[in-house]
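Visitor: I'd like to go through the reasoning behind some structural labels. Could you walk me through them?

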Amino acid sequence: MPKYVVATVEEIPPGGRKIVEVAGRSIGIFNVNGEFFALRNRCPHQGGPLCEGRLWGALRADVPGAYEYSRPGGILTCSWHGWEFDIRTGQSWCDPRRLRVRRYEVHVEPGAAIVADPAAPAPGMVKGPYVAETYPVSIDGQYVVVEVK
């Protein structure tokens, strides 16, 4: 599956997000307490920009007046009509068996793993005089990488 470097770890602080265009798709990358998640930036309800919505947690009450707040920043709400989705799974909070938004695999990789030898040509190719425009990757950095089919 193709991998795309979309940000440095520092670009998306805990509680933050970055919306990127990858392989013709708008994708939201979220940092929830140091874990990265990626969802398609399109609400399945009416196609709104889902990843621009508000982040919440889950509120639970076993008895009236006794509330328990959990999973801060783990629920994403579409700003158009308030539909809620779990950032970890992409499933709808109100109907998880039927509704979901596309989720993508995300990894944090060191720059050394991404750029083994920037001067070396691809196997079977000859090094040419041209350099393709790419995300600036340093061997010393940590990068957020998304896998998209």
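Visitor: Which residue stands opposite Gln 142 in S9?

Guide: Happy to start there: Pro 110 stands opposite Gln 142. Do bear in mind that this is a predicted model.

Visitor: What makes S8 and strand S9 a pair?

Guide: Two strands pair if DSSP finds at least two bridges between them. S8 and S9 (residues 142–147) have six bridges, in the antiparallel sense, so they qualify under that rule.

Visitor: And how do you know that strand S4 and S8 pair?

Guide: The cut-off is at least two bridges, and S4 (residues 35–40) shares two bridges with S8, again in the antiparallel sense. S4 and S8 therefore count as paired. On the S4 side, Leu 39 has Arg 103 in S8 as its bridge partner.

Visitor: Let's stay with S8. Why is Glu 109 called buried?

Guide: Buried means under 20% relative accessible area. Glu 109, which lies in strand S8, has 16% relative accessibility, so it counts as buried. Leaving aside neighbours within four places in sequence, Glu 109 is in contact with Lys 3, Ile 114, Gly 141, Gln 142, Tyr 143 and Val 145.

Visitor: What makes Lys 3 and Glu 109 a salt bridge?

Guide: The closest N and O atoms of Lys 3 and Glu 109 are 3.4 Å apart. The limit is 4 Å, so the pair is called a salt bridge. Lys 3 lies in strand S1 (residues 3–8) and Glu 109 in strand S8 (residues 103–110), so this salt bridge ties together parts that are 106 residues apart in sequence.

Visitor: Why is the Glu 109 and Lys 3 pair also called a polar contact?

Guide: Here the limit is 3.5 Å. The side chains of Glu 109 and Lys 3 come to 3.4 Å, so that label fits too.

Visitor: Is Lys 3 buried, partly exposed or exposed?

Guide: Lys 3 has 48% relative accessibility and counts as partly exposed, because exposed means over 50%.

Visitor: How many salt bridges are there in the whole structure?

Guide: A search finds seven. One of them joins Lys 18 and Glu 11, with the closest N and O atoms 2.8 Å apart. Lys 18 is partly exposed at 22%, and Glu 11 is partly exposed at 35%.

Visitor: How do you know that Arg 60 and Asp 62 meet in a salt bridge?

Guide: Their side chains are 2.9 Å apart, N to O, which is within the 4 Å limit, so the label holds. Salt bridges that share partners join Arg 60, Asp 62 and Glu 68 into one network.

Visitor: Why is Asp 62 called exposed, and Arg 60 partly exposed?

Guide: The line for exposed is drawn at over 50%. Asp 62 has a relative accessible area of 60%, so it is exposed. Arg 60, at 45%, is partly exposed.

Visitor: One last topic, the cysteines. Why is the sulfur of Cys 43 not counted as bonded to that of Cys 78?

Guide: A disulfide needs sulfur atoms within 2.5 Å. The sulfur of Cys 43 is 3.9 Å from that of Cys 78, its closest cysteine sulfur, so this is too far for a bond. Cys 51 is in no disulfide either, with the nearest cysteine sulfur, that of Cys 78, 9.5 Å away. The count comes to zero disulfides.

Visitor: And what makes Cys 43 and Cys 51 buried?

Guide: Buried means under 20%. Cys 43 has a relative accessible area of 2% and Cys 51 has 0%, so both labels follow.

Terms used: Residues numbered from 1 in each chain as written. Predicted model: local features only at pLDDT ≥ 70, side-chain atom pairs only at ≥ 80, totals over all residues. Heavy atoms only, no water. Helix = DSSP H or I, 4+ residues; strand = E, 2+ residues; numbered from the N terminus. Buried < 20%, exposed > 50% of the residue type's maximum accessible area, 1.4 Å probe, protein only. Polar contact = N/O pair within 3.5 Å; in protein donor to acceptor, adjacent residues only side chain to side chain. Contact = heavy atoms within 4.5 Å.
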